[in-house]
Amino acid sequence: MAQSRERVPVQILEHDQIASTLAQRIASVIRSANAAGRPAVLGLATGSTPIGIYRELIRMHRDEGLDFSNVVSFNLDEYYPMAPDSIHSYHRYMWENLFEHINIPRENVNIPPGDIPREQVEAHCAGYEEKIRGLGGIDFQLLGIGKTGHIGFNEPGSGVESRTRLIALDTVTRRDAAADFFGEDNVPTEAITMGVASILDAKEVALIATGEHKASVIRRAVEDEPDPDVAATYLQTHPNATFYLDPAAAAELTRVKTPWVVGEVRWTRELEIRAVIWLSESVGKSILRLDNYDYREHHLSSLLARYGSAGPLNGEVFNALISKIRGKSKLPQGKRIVVFSPHPDDDVISMGGILNKLHHNDNDIVVAYQTSGNIAVFDHEVRRYLDFLNRFGHDFDLGDGRIEDLTGRMSKFLDEKHPGQVDIPEVQQIKQRIREAEAVSGIETFGMRKDQACFLKLPFYQTGKVRKDAIGPEDVRITLELLEDHKPEIVFVAGDLSDPHGTHRMCLDAVMRALAEYSGDAPEVWYYRGAWQEWPVSEADVLVPLSEDELSKKILAIYKHQSQKDKAPFPGQDDREFWQRVEERNMGTARIVDRLGLPEYFAMEAYVVRRNGKPLEVETVSTSALGAPSHRRRASDFPGAGAGAQPGLQGDAGEVTELGGQTTT
Ligand code: F6R
């Protein structure tokens, strides 16, 4: 059975189905408890994952009359110490994101208090447990999962018997929260959390995880034995616990990643490519050197049987991969292109290499920066510009007092600002302008013009806070207007959905909703990644080679985003600067391609491409045209390599590819 490694029920749902499925489930728990004449007892979580579920519950309350008057809720946790009205408090989170919008009686809401004296915590925790027991236990417990595998704040080491208590937060958890708190030092070191045993007592448990950044901990939680190092593994012992995952969070599960290892597989071209790449990496041999024995010894006999022997199969996959490699001359030329960049640096971080090539291929490109990115500018950066403005005003005699008034007001605000306080409009504006100027300077590195940058300033982002609003009609309207104006044949969008605040996912949502309403021909959609991770070679449809010069130019463009350099305000778990991540990822992809036995490039970007929601047809050179695949690569093996081809023309790595100049024959 394909799921044989899974030790707990798992449902993989499309991202937007998760919220509706769970909201429906919660609604039915409420209705059946109420029909039985008793309150429904819900265990609730905070964090970014349940937001969609809460929005859907609010909608159901508003549009369908879902009644919360006989619901009692218990939240999993709260930071300690924490004032309930702080922007970081889970009390405030729950009221803003759910309770204020439904008819739950205030006295039915239970959230661990972050503002009681330390000596009262133990008694309060015991009372919390007692209250849950008194109501007959939790009917339905909603859970997220942290990168440490925590449920609630049950950090590594939490025992299966643990109950509601004060706990020290793990470094990984505190670092994860650092962005929300404007710095790791501001993150509380402790929290009050329901224990593992308190969670396991619930009648039904649903753990929700979305995004690539959860994939590896999900694999451990689902497939490894129960282990105090990963509290979520304990859910395997619960009689009615289910994991609800989106495809990104499920990506590391064995049945998804290497299904041939756990059962029969219906082979598709995409799976064949994936399996051969996996085999090549597992046995440490290039694709063309894999033999029948390798396939048989690694659960791939059924794949081998489709081709008779390793040779033709190796050749087929080798050629499929070769045809994914597209240098400058195989990239779009003379097309109308819109590059959507969630923040004003994702364009150069994630696709600086291809952007440079596309510009030089005479495409008509607009880079649409979707959000202003203003919250990610440090205050000290603003001070520097204020000082510059004062000096500038003085030098050119612009000072009728207005510049000094303005800069003085802003400086005073910054002097008195508390961590996390929402900026006054003038400061938000200057932060936005700083990022706009950097974005323009970034694309100018490639010789692009200022007027090719367009700043959408989508309203969902303009809360001034780390937490954003949902994508609304105005966000979609602004995006649609751009599409209608520019009529792109190709759009680029961010396909890395695990940025710290979910902004990339929301920006993608805005584009997809606008495309659904768009009157023109559906453009080809190129998904890029890069800031947080890169597409694996097995998933990429297009691999774009970069020469050393091209990678340097891309890095130079990233440097132009000075407000994000040296130390980005929102770096995620990775201490490195963005340009360092890019260098490592792009060179890493090239190394993987080289190890597979394909040409050796300096660096590579990877893209997933969809036309009308479907993958691009992979054009392959037929095996027969090549003759029997050889273990050595020859220039003539590569599509486009003609007689008289000359290796090593120009600085464009793609040209080198097609001419085979960098092959290791
Ligand atoms: C929150 C909680 C935590 C989160 C977990 C995931 O009440 O108990 O366990 O569910 O840290 O957080 P997100 O959803 O923000 O990734």
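## An antiparallel sheet

Ala 168 stands opposite Glu 190 in S8. This comes from a predicted model. The pair belongs to a wider match: S7 and strand S8, residues 190–193, pair in the antiparallel sense over four bridges.

The two strands sit in an open sheet of three strands. Its order is S4-S8-S7, and the pairing is antiparallel. Why do S4 and S7 each have one side without a neighbour in the sheet? Strand S4 (77–80) and strand S7 (165–168) stand at the edges, and each has a single partner strand, so one side of each is left free of a neighbour there. On average, neighbouring strands of this sheet are turned by 30 degrees against each other, direction ignored.

## Strand S10 and its partners

Strand S10 covers residues 241–245. Is S10 mostly covered or mostly open? Mostly covered: five of its five residues are buried.

The side chains split into two groups. Ala 241, Phe 243 and Leu 245 point one way from S10. Thr 242 and Tyr 244 point the other way. Both groups are buried. In a regular strand the side chains alternate between the two faces of the sheet.

S10 has strand S1 (residues 10–12) as a parallel partner, joined to it by three bridges. Here Val 10 stands opposite Phe 243. Strand S9 (residues 204–209) also pairs with S10 in the parallel sense, over five bridges. In that pairing, Ala 206 stands opposite Thr 242. Strands of a sheet pair through backbone hydrogen bonds, either parallel or antiparallel.

## The ligand site

How many residues surround the ligand? The count is 13. The closest are Thr 49, Asp 77, His 150, Gly 152 and Lys 214. By class, the shell has three nonpolar, eight polar and two charged residues.

Side chains and backbone both supply polar atoms at short range to ligand oxygen. A polar side-chain atom of Thr 49 lies 2.4 Å from an oxygen atom of the ligand. For Lys 214, an N or O atom in the side chain is 2.6 Å from a ligand oxygen atom. Ser 48 uses its backbone instead: a polar atom there is 2.8 Å from an oxygen atom of the ligand. On its own, the ligand has 410 Å² of accessible area, and the protein covers 87% of that.

How values were computed
Residues numbered from 1 in each chain as written. Predicted model: local features only at pLDDT ≥ 70, side-chain atom pairs only at ≥ 80, totals over all residues. Heavy atoms only, no water. Near = heavy atom within 4 Å. Polar contact = N/O pair within 3.5 Å; in protein donor to acceptor, adjacent residues only side chain to side chain. Areas by Shrake-Rupley, 256 points an atom, 1.4 Å probe, with all protein chains shown as cover. Nonpolar A, V, L, I, M, F, W, Y, C, P; charged D, E, K, R; others polar. Pairing = 2+ DSSP bridges. Axes fitted to C-alpha atoms, helices over the stretch in contact; angles between N-to-C directions. Buried < 20%, exposed > 50% of the residue type's maximum accessible area, 1.4 Å probe, protein only.
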